[in-house]
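Subject: Handing over a structure, with notes

Dear colleague,

I am passing this structure on to you, and the notes that follow it are meant for someone who opens it for the first time. Please look through the model itself before you read on.

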2 protein chains.
Amino acid sequence: MRIGELAKATGTKAETIRYYEREGILPAADRTDSNYRDYSDNHLAALTFVRRARQLGFSMAQVRELLDLSDRADKPCQEVDELVHEQLEEVEQRIVDLLSLRDELRLLLRSCQANRIDECRIVGSLARPLGRVTR
Amino acid sequence: MRIGELAKATGTKAETIRYYEREGILPAADRTDSNYRDYSDNHLAALTFVRRARQLGFSMAQVRELLDLSDRADKPCQEVDELVHEQLEEVEQRIVDLLSLRDELRLLLRSCQANRIDECRIVGSLARPLGRVTR
DNA sequence: TATGCACCTTGTAGCAACTACAAGGTCAAG
DNA sequence: CTTGACCTTGTAGTTGCTACAAGGTGCATA
Ligand SMILES: [Zn+2]
Ligand SMILES: [Zn+2]
Ligand SMILES: [Zn+2]
Ligand SMILES: [Zn+2]
């Protein structure tokens, strides 16, 4: 299959696929006589793996590790497990951070009672360092 | 005050402060005889405003808007309000996304019962497109 | 046959918001 | 007088793509 087909099949832009190849995330494809990339089902599987891992929030570096690990069939899968565990912890931390951000923004919104900018508590409380919000 | 002091006072790296100046986010500072930047309390207030807005997740473009607005004392503060509202909505959306990511990662973790990578369901389910997880 | 159009190729540059040098100038202390 | 902390400018790197530009290829249609 050509790059456009693979792109459609995986929901990836062709340019991104070429980028993955340049970065060594995906193996290079065969070439047709006219120098077009020619992909196999193995490439489809590999790209699917990569995209899924990326959608799960793994960094390119982590994806590289996952790919390396998935090639070592006989190894214990503890390291894979640990990578997922770490990613989960990071996501949980980001959620905590965003929740407190949300609370701060809500407070900020509620603080505006005025009509003119020079009386607006939002503008005022932006001028104060984080930690001491409104109140 | 010199750039290092301002940096310490606001928890910003000196290089970031210079970057803000280059980008027009902060007004240029006076210079001493030896060409060192020399900041006033107004600069301290402005940088505090910027850093606080950034910590609240506003983009540089949004910070620019907020700064412009905060200069127009007599305008109604509806636009400020609306900017905060939009940022709140974005944060809420990011939370929703991360929560479903977290659930997927938890499922993934629970799916590993094996010991060897070729039997590991984590690796297996990464090879499948998103949407159909495990099971 | 010509021509149009979608597709492919490489290479380069841009995005956000910093961060990290490198190479050199300034200033106070020991 | 030298050390060391600080400052200056300028340039390049980070992450993960995305967007051209300039040209080649493949196929259907007038
Ligand atoms: Zn762990
Ligand atoms: Zn207001
Ligand atoms: Zn709104
Ligand atoms: Zn496993």
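Contact, as the word is used below, means heavy atoms within 4.5 Å. This is a predicted model, in which local features need pLDDT of at least 70 and side-chain atom pairs count only at pLDDT 80 or more, while totals for chains, interfaces and linings use all residues. Residues are numbered from 1 along each chain as its sequence is written, chains are lettered from A and ligands numbered from 1 in the order in which they are written, and side-chain values use heavy atoms, with hydrogens and water left out.

The two protein chains

I begin with the interface, where 52 residues of chain A are in contact with 51 residues of chain B. The area buried there (the accessible area, taken with a 1.4 Å probe, that two parts lose on being put together, summed over both) is about 4700 Å², and carbon and sulfur atoms give 76% of it. Of the area that chain A buries against chain B, 17% is supplied by A:Arg52, A:Ile117 and A:Leu126, more than by any other three residues.

Between chain A and chain B there are four salt bridges, a salt bridge being a side-chain nitrogen of Lys or Arg within 4 Å of a carboxyl oxygen of Asp or Glu. One of these pairs joins B:Arg52 to A:Glu104, with the closest N and O atoms 3.5 Å apart. The interface also holds 13 residue pairs in polar contact, both residues at pLDDT 80 or more; a polar contact is a pair of N or O atoms within 3.5 Å, where, within protein, one must be able to donate a hydrogen and the other to accept it, and residues adjacent in sequence count only if both atoms are side-chain atoms.

On the side of chain A that touches chain B, the elements that give two or more residues are helix H3 (41-55), helix H4 (60-70), helix H5 (78-111) and helix H6 (121-126) of chain A. Helices (H or I, at least four residues) and strands (E, at least two) are DSSP runs, numbered from the N terminus. H5(A) gives the most to this side, with 19 residues. By class, the residues of this side are 31 nonpolar, eight polar and 13 charged, where Ala, Val, Leu, Ile, Met, Phe, Trp, Tyr, Cys and Pro count as nonpolar, Asp, Glu, Lys and Arg as charged, and the others, Gly among them, as polar.

How the copies are related

Chain A is superposed on chain B by a rotation of 180° with 0.0 Å of shift along its axis, at an RMSD of 0.2 Å, the fit being by least squares on the C-alpha atoms of residues with pLDDT of at least 70 in both copies. That is the relation of a two-fold axis. In chain A, the C-alpha nearest the axis belongs to A:Ile95, 2.9 Å from it. The same surface serves both copies, in that 98% of the contact residues of chain A recur in chain B.

The DNA strands

A residue is near a strand if one of its heavy atoms lies within 4 Å of it. Around DNA strand C there are 19 residues, of which A:Gly4, A:Arg37, B:Tyr36, B:Arg54 and B:Met60 come nearest. Sugar or phosphate accounts for 75% of the atoms of DNA strand C within 4 Å of the protein, and bases for the rest. Phosphate oxygens of DNA strand C are found 2.6 Å from a polar backbone atom of A:Gly4 and 3.0 Å from an N or O atom in the side chain of A:Arg18. H2(B) gives the most to the surface near this strand, with four residues.

DNA strand D is likewise surrounded by 19 residues, the closest being A:Ser34, A:Tyr36, A:Arg54, B:Gly4 and B:Arg37. Here a base nitrogen lies 2.7 Å from an N or O atom in the side chain of A:Tyr36, whereas a phosphate oxygen is 2.6 Å from an N or O atom in the side chain of A:Arg54. The surface near DNA strand D has six nonpolar, five polar and eight charged residues, and its largest share, four residues, comes from H2(A).

A link within chain A

Over all chains the count comes to 14 salt bridges. In one of them the side chains of A:Arg64 and A:Glu23 meet at 3.9 Å, N to O. This pair links distant parts of the chain, with A:Arg64 in helix H4 and A:Glu23 in the loop between H2 and strand E1 (30-31) of chain A, 41 residues apart.

With best wishes
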